[in-house]
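Colleague: I am new to this model and would like to go through its charged pairs and its cysteines with you. Please explain the reasoning behind each label as we go.

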Amino acid sequence: MDRKVLAFYYTWYGIPQVSGDWYHWDEGGHFPNRVNEDGYPDFGTTNHPSFGPYDSNDPHAIRRHLEWCNEANIDVLIATWWGQRLYHDEALKVVLKEATESPVKVTIYYETIPQTGMSGVIDDFQYIIRNYGDNPGFFRIDDKPVIFVYGRAMGQLKYDQWAIVLDKIRKECDALFIADTTSPELINLFDGGHIYNPVGLVVQQTDMANFYREFVGKCRSVGKIACTTVIPGYDDSNIGRKNILVANRRGG
């Protein structure tokens, strides 16, 4: 399999002109209708889009994002997903429609499990695969749809529960699940491992080359896919968090 470049992508933004209200631009108690001391709209972001706030349901904005990704040699976007028929799920349909005409493909980032636990996860995975797995815009490897599972969701079920979920889904269809974990046992249970955000390790001045060398070794030793994450700096100081993390961009 050729190596792919993927990027996490957030389909949770909305503006009044498209979706009737502000979605996520107001994170952390901000007021997008106001202008801050720097002359920018008061968004819950550290950096501001050069084209201004956009809506994840706006096909024109999505098309532009996909064009930029293609220019940057990004192959796949991993789009945040929080549940069936929620805002992010509806926006995903727009992104997938645009991705059918783009070299850049899309998959989902399964962020959190429902209150119904294992049965809810099984239902979610069935829904995703049934509704999106065959979409021409959805990312597939060897004709299998690929789904990424975030660490929050990983921690909401125990190992044995994930084993039951994956066994049930795999009996119904071929799909690949990439877990946000460094656990050798979980990597072996899933189809591969990834690290969502290494900013904590970076701030602690971890030797990332050595860390990833070991991580890739864990994955390859059991014949699984390894995904390593590079961050373009990090700054969550403007979204209302109590514990702030900042990693300098180092000039790119």
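Colleague: What makes the contact between the side chains of E98 and R63 a salt bridge?

Modeller: In this predicted model, the N to O distance between the side chains of E98 and R63 is 2.8 Å, and a salt bridge asks for a side-chain nitrogen of Lys or Arg within 4 Å of a carboxyl oxygen of Asp or Glu, so the pair qualifies. E98 belongs to helix α3 (residues 87-99) and R63 to helix α2 (residues 59-71), which means that the pair ties together parts that are 35 residues apart in sequence.

Colleague: Why is E98 called buried, and why is R63 called partly exposed?

Modeller: Buried means under 20% relative accessible area, and E98 is called buried because its relative accessibility is 13%. R63 has 35%, and because that value falls between the 20% limit for buried and the 50% limit for exposed, R63 counts as partly exposed.

Colleague: How do you know that E111 and R152 meet in a salt bridge, and which parts does the pair tie together?

Modeller: Their side chains come to 3.4 Å, N to O, and because the cut-off is 4 Å, the contact counts as a salt bridge. E111 sits in the loop between β3 (105-110) and α4 (118-132), while R152 is in helix α5 (residues 151-156), so parts 41 residues apart in sequence are tied together. With 4% relative accessibility E111 counts as buried, whereas R152, with 36%, counts as partly exposed.

Colleague: What makes D134 exposed?

Modeller: Exposed means over 50% relative accessible area, and D134 is called exposed because its value is 67%. The side chain of D134 meets that of R140 in a salt bridge of 3.5 Å, N to O, and R140 counts as partly exposed at 24% relative accessibility. Through salt bridges that share partners, D134, R140 and D143 are joined into one network. The structure holds nine salt bridges.

Colleague: How do you know that C173 is in no disulfide?

Modeller: A disulfide needs two cysteine sulfur atoms within 2.5 Å, and the nearest cysteine sulfur to that of C173, belonging to C227, is 19 Å away, so C173 is in no disulfide. C227 is in no disulfide either, because its nearest cysteine sulfur, that of C219, is 7.7 Å away. The structure holds zero disulfides. C173 is partly exposed, with a relative accessible area of 22%, while C227 is buried, with 17%.

Technical notes
Residues numbered from 1 in each chain as written. Predicted model: local features only at pLDDT ≥ 70, side-chain atom pairs only at ≥ 80, totals over all residues. Heavy atoms only, no water. Buried < 20%, exposed > 50% of the residue type's maximum accessible area, 1.4 Å probe, protein only. Helix = DSSP H or I, 4+ residues; strand = E, 2+ residues; numbered from the N terminus.
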